[in-house]
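Reader: Please take one part of this model and go through it closely. Keep it brisk, and give the cut-offs.

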Amino acid sequence: MVNATKGLFISCDVPMAQFIINMNASLPSSQKFIIHVLDSTHLFVQPHVGEMIRSAISEFRDQNTYEKPP
């Protein structure tokens with residue numbers, strides 16, 4: 001019998017995948033969202049967390065962006 005799981009496939013570079021894995025590890029076990037780590041650049045996650053991941057990445061990038069002072 002085939003078991004199918006609905007989810008979201010994420011393809012990214014290694015540092016971003018590690019950021020997402022770390023974000024998942026910091027959550028309580030009832031809120032973990034990674035279904036399977038396919039390899040170092042591909043993740044399969046629960047479908048409802050797509051926007052949460054996007055906003056966390058956006059916030060991380062905003063914090064790590066250098067803006068030249070006027």
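Author: What follows is a close look at strand 3 and the core it feeds. This is a predicted model: local features need pLDDT of at least 70, side-chain atom pairs count only at pLDDT 80 or more, and totals for chains, interfaces and linings use all residues. Residues are numbered from 1 along each chain as its sequence is written, and side-chain values use heavy atoms, without hydrogens or water.

Strand 3 spans residues 42–45. Helices (H or I, at least four residues) and strands (E, at least two) are DSSP runs, numbered from the N terminus. Strand 3 pairs with strand 1 (residues 8–11) in the antiparallel sense, over 4 bridges. It also pairs with strand 2 (residues 34–39), antiparallel, over 4 bridges. Pairing requires at least two DSSP bridges between the strands. A hairpin of 2 residues joins strand 2 to strand 3. Phe44 stands opposite Phe9 and also opposite His36.

Now the faces. In a regular strand the side chains alternate between the two faces of the sheet. In strand 3, Leu43 and Val45 form the covered face, while His42 and Phe44 form the uncovered one.

Leu43 has contacts (heavy atoms within 4.5 Å) beyond four places in sequence, among them Ile10, Ala17, Ile20 and Val37.

The largest nonpolar core has 14 residues; Leu43 and Val45 are among those touching the most other members. Helix 1, strand 3 and helix 2 (50–63) each supply at least two residues. Helix 1 gives the most, with 4. Such a core is a set of buried (under 20% relative accessible area, 1.4 Å probe, protein chains only) Ala, Val, Leu, Ile, Met, Phe, Trp, Tyr and Cys residues, joined through side-chain atoms within 4.5 Å.

Technical notes. Buried means under 20% relative accessible area, exposed over 50%, partly exposed in between (1.4 Å probe, protein chains only).
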